[in-house]
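Me: I would like to learn how to read a model such as this one. Could you take me through some features in turn?

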Amino acid sequence: MPIQVVLADDHQIVRDGMKVFLEREGYKVNAEAQNGQEAVRLALKLQPDVVVLDITMPILNGLDAAREILHNAPDTKAILLSMHDESKYVLEGLRLGVKGFVTKTHAAEDLVQAIRQALRGATYVSPELSQAVFEAIQTKSDIVQDPLTPRERQVLQLVAEGKTSKETANLLNISTKTAETHRARIMEKLNIHETAGLVRYAIRRGLIRP
Amino acid sequence: MMGLYWLPDMSTKASPGLSSDLEGMYVAALQDYLRQRDESCLHRAYELGRRSVREGRSILEMIELHQKASLQFVSQSASSVESARVLEASGVFLREAMSPYEMTNRAYGEANAALQRLNETLEEEVKRLAQALHDDAGQLLAVVHLRLEDISRTLPADLREGLQEVRRVLDQIEDQLRGLAHELHPPALADEGLLPALQSLAAAVSWRTGLRVTVEAAELTGLPPKIEAVLYRVVQEAVKNSSKHAHARTAKVWLSRSQGHVCCSIEDDGTGFDQNQLSSGEMRRGLGLLGIHERLQVLGGSCEIESAPGRGTTLKVKIPLER
């Protein structure tokens with residue numbers, strides 16, 4: 001039976017290209033998602049061998065989607081697609097248990113290798129990104145732990161994307177009141193009291209692109 | 001000798017003082033009005049006000065002139081009742097003469113607000129452009145690489161090598177687009193704040209042009225994002241001048257904060273220039289000073305240039321923190 005893959009990227013054209021490529025390599029892409037939330041839902045439902053996630057996605061970014069998938073479907077291997085300038089997420093991703101980081105433009109060479117390594121239980125990082133990992137280790141820079149729960153992080157991403165409490169509530173299937181409570185808790189925990197500050201924090205934490 | 005050149009331009013215009021001509025006309029019109037309370041006299045007041053605005057006279061000079069004239073008429077009045085009437089009427093006359101100043105002031109406020117809106121739109125537009133350049137083009141490049149890989153499999157080995165070559169060029173394009181996008185909309189600015197953003201700008205400029213740029217700062221946390229964005233653009237422009245026009249070897253950027261202001265100076269060891277040349281609009285445009293000036297004006301800031309041939313150039317910028 002071929003290896004099962006769930007593919008998540010917010011660009012249709014990239015998903016199409018990746019799918020053709022992966023199927024030619026003998027993998028089975030059994031579902032595609034266009035945001036992190038959909039990726040989580042599909043991955044938990046289908047329990048694929050591998051989930052390939054773009055880092056920058058609306059509603060829920062790739063890193064937080066991986067966190068949720070790895071927590072609830074520990075047998076699934078997560079591989080993240082990254083742009084060149086997103087190397088700062090690599091260390092955090094590795095700590096979450098992400099098994100591969102592949103630069104998007106070098107996916108043709110690196111993605112298959114990353115999947116093979118991941119299935120063996122090993123880890124693969126594209127050469128363009130691995131330099132950043134070494135630097136991070138050398139400078140002993142530590143990842144700042146933020147005090148938010150995964151759910152709060154997702155609410156924060158949605159707030160930073162400009163969603164209203166009502167829209168947030170609809171997307172997360174919770175009541176508007178609960179969404180507002182999350183928002184208030186986030187502000188309290190971070191000691192940030194205006195939306196502009198939350199957006200800045202979300203950018204700094206890589207939840208959304210600057 | 002080093003001199004100072006202040007922007008905006010207004011302040012360099014020598015104030016001519018009130019010509020006796022305008023002074024005489026003002027006194028005569030006021031006198032006629034006090035005698036006749038005629039609307040045509042008020043119209044003269046308004047026209048005199050317009051003329052004085054046009055000729056760049058200060059509002060304080062005009063008020064002083066009015067005060068002198070009306071005091072004279074008050075002192076000539078026969079009774080306290082009459083002097084009260086004279087005072088009241090001359091007040092009406094003054095309001096009329098000052099209304100062109102009010103209009104100018106309003107127009108200035110509106111122009112400033114429009115400038116601010118334009119600036120914000122421009123920043124948004126730049127951000128959108130940077131995203132299109134980098135993110136969108138990056139996605140397409142990723143797809144092109146995948147397709148090339150597919151095609152490459154069907155090719156004999158010697159042709160495959162040629163395709164490899166194409167992919168290396170695509171990598172260079174990607175690097176250049178990323179560099180350009182970061183320059184347009186520095187991610188570090190939103191991400192890490194002004195100082196790290198300026199440091200990576202300095203590193204990028206040093207790498208690209210060989211100009212050694214150092215950035216030092218004191219007390220710089222918590223600046224409003226708008227001010228950070230403007231300071232970043234000003235430094236970017238100044239450093240560009242240092243390398244492109246002044247052929248400098250080093251440039252020092254120094255930022256500090258004091259007494260409700262944030263100050264920034266950019267000093268280079270380049271060729272410098274004669275400051276008298278600065279009055280030519282063409283030169284200021286060439287140096288991007290108009291852009292700098294407009295960005296600063298929106299925030300109520302000012303800038304100052306010191307330069308002389310062979311003595312390098314220093315640009316000093318000052319922005320109030322609260323308005």
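Reply: We will go through a strand, a helix and a chain contact. Keep in mind that this is a predicted model.

Me: Start with the strand. How many residues of β4 of chain A are buried?

Reply: To judge a strand, count neighbours residue by residue. A residue is buried if 20 or more other C-beta atoms lie within 10 Å of its own. In strand β4 (residues 77-82) of chain A, 6 of the 6 residues are buried, so the strand is largely enclosed by the rest of the structure.

Me: Which residues point which way from β4(A)?

Reply: A:K77, A:I79 and A:L81 point one way. A:A78, A:L80 and A:S82 point the other way. Both sets are buried.

Me: Which strands pair with β4(A), and in what sense?

Reply: Look for bridges. Strand β3 (residues 50-54) of chain A pairs with β4(A) in the parallel sense over 5 bridges. There, A:V50 has A:K77 as its bridge partner. Strand β5 (residues 100-103) of chain A also pairs with β4(A) in the parallel sense, over 4 bridges. Here A:L81 is matched with A:V102.

Me: What units do the connecting helices make?

Reply: Follow the path from strand to helix to strand. β3(A), helix α3 (residues 62-72) of chain A and β4(A) make a right-handed β-α-β unit. β4(A), helix α4 (residues 90-96) of chain A and β5(A) make a right-handed β-α-β unit as well.

Me: Now a helix. How far does α7 of chain B reach?

Reply: Compare its span with the expected rise. Helix α7 (residues 194-209) of chain B has 16 residues. From first C-alpha to last it reaches 22 Å, close to the 22 Å expected at 1.5 Å a residue.

Me: Which residues of α7(B) are buried, and which are exposed?

Reply: B:L194, B:A197, B:L198, B:L201 and B:V205 are buried. These cover an arc of only 95° around the axis, which puts them on the same side of α7(B). B:A203 and B:W207 are exposed on the other side.

Me: What do the buried residues pack against?

Reply: In chain B, they pack against α6 (187-192), β2 (212-217), α8 (225-244) and β3 (250-258). After α7(B) comes B:G210, with a positive phi near 85°.

Me: Last, the chain contact. How many residues does each chain give?

Reply: Chain B gives 15 residues and chain A gives 19 residues. On the chain B side, α4 (80-153), α5 (157-184) and α6 each supply at least two. The largest share, 10 residues, comes from α4(B). By type, the chain B side divides into 6 nonpolar, 3 polar and 6 charged residues.

Notes: Residues are numbered from 1 along each chain as its sequence is written. Chains are lettered from A and ligands numbered from 1 in the order in which they are written. This is a predicted model: local features need pLDDT of at least 70, side-chain atom pairs count only at pLDDT 80 or more; totals for chains, interfaces and linings use all residues. The expected span of a helix is 1.5 Å times one less than its number of residues. A residue is buried if 20 or more other C-beta atoms lie within 10 Å of its own, exposed if 12 or fewer, and partly exposed in between; C-beta atoms are placed from the backbone. The arc is that of the directions from the helix axis to the C-beta atoms. Two residues are in contact if their C-beta atoms, placed from the backbone, lie within 7 Å. Ala, Val, Leu, Ile, Met, Phe, Trp, Tyr, Cys and Pro count as nonpolar, Asp, Glu, Lys and Arg as charged, and the others, Gly among them, as polar. Two strands pair if DSSP finds at least two bridges between them. A crossover is right-handed if, with the strands pointing away from the viewer, the path from the first strand over the helix to the second runs clockwise.
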